[in-house]
Amino acid sequence: MEDPKGDPWRAFGYVVAGVAVYGVLGFLADRWLGTRFLVAIGIVVGAAFGIYMTAARFRTEPVEKPQHDPEQDTD
């Protein structure tokens, strides 16, 4: 059985994973550099990246209908 293309839990997972991964990277960079703002930047960048990945994954291409060409009729 195939997963539905518009699964909301998968979309939620992309955003949460982006926030978690980039938040942790920001936290580690803060500890390494002795700063206090990189965790916030990491969370914002992670959320933006998660939303982008969600949009890219669940984007649907418009369906084009084939047009009828009267010159190809041989009747």
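## Overall architecture

Of the contacts in the protein that link residues at least 6 apart in sequence, 61% join residues at least 24 apart. The model under discussion is predicted. Its secondary structure consists of two helices and zero strands.

Buried residues account for 15% of the 75 residues in the protein. The exposed area of the protein is about 6600 Å², and carbon and sulfur atoms supply 64% of that area.

## The nonpolar surface patch

A nonpolar patch of about 1100 Å² lies on the surface. Its members are Val21, Tyr22, Val24, Leu25, Phe27, Leu28, Phe37, Ile41, Val45, Phe49, Tyr52 and Met53. Helix H1 (8-33) and helix H2 are the elements that give two or more residues to this patch. The most is given by H1, with six residues.

Phe49, one of the patch residues, is found in helix H2. Phe49 counts as partly exposed because its relative accessibility is 38%, which falls between the 20% limit for buried and the 50% limit for exposed residues.

## The environment of Thr54

Thr54 also belongs to helix H2, which spans residues 38-58. With a relative accessible area of 15%, Thr54 is classed as buried, because that class covers values under 20%.

Which residues is Thr54 in contact with, leaving aside its neighbours within four places in sequence? They are Ala11, Tyr14 and Val15. To Ala11 there is also a specific approach: the side chain of Thr54 reaches the backbone oxygen of Ala11 at 3.4 Å.

Methods
Residues are numbered from 1 along each chain as its sequence is written. This is a predicted model: local features need pLDDT of at least 70, side-chain atom pairs count only at pLDDT 80 or more; totals for chains, interfaces and linings use all residues. Side-chain values use heavy atoms; hydrogens and water are left out. Helices (H or I, at least four residues) and strands (E, at least two) are DSSP runs, numbered from the N terminus. Buried means under 20% relative accessible area, exposed over 50%, partly exposed in between (1.4 Å probe, protein chains only). A polar contact is a pair of N or O atoms within 3.5 Å; within protein, one must be able to donate a hydrogen and the other to accept it, and residues adjacent in sequence count only if both atoms are side-chain atoms. Contact means heavy atoms within 4.5 Å. Patches are made of residues with over 30% relative accessible area and no salt bridge: like charges are joined within 9 Å, nonpolar side chains (Val, Leu, Ile, Met, Phe, Trp, Tyr) within 5 Å. Accessible areas come from the Shrake-Rupley method with a 1.4 Å probe; for residues, only the protein chains shown count as cover. A salt bridge is a side-chain nitrogen of Lys or Arg within 4 Å of a carboxyl oxygen of Asp or Glu.
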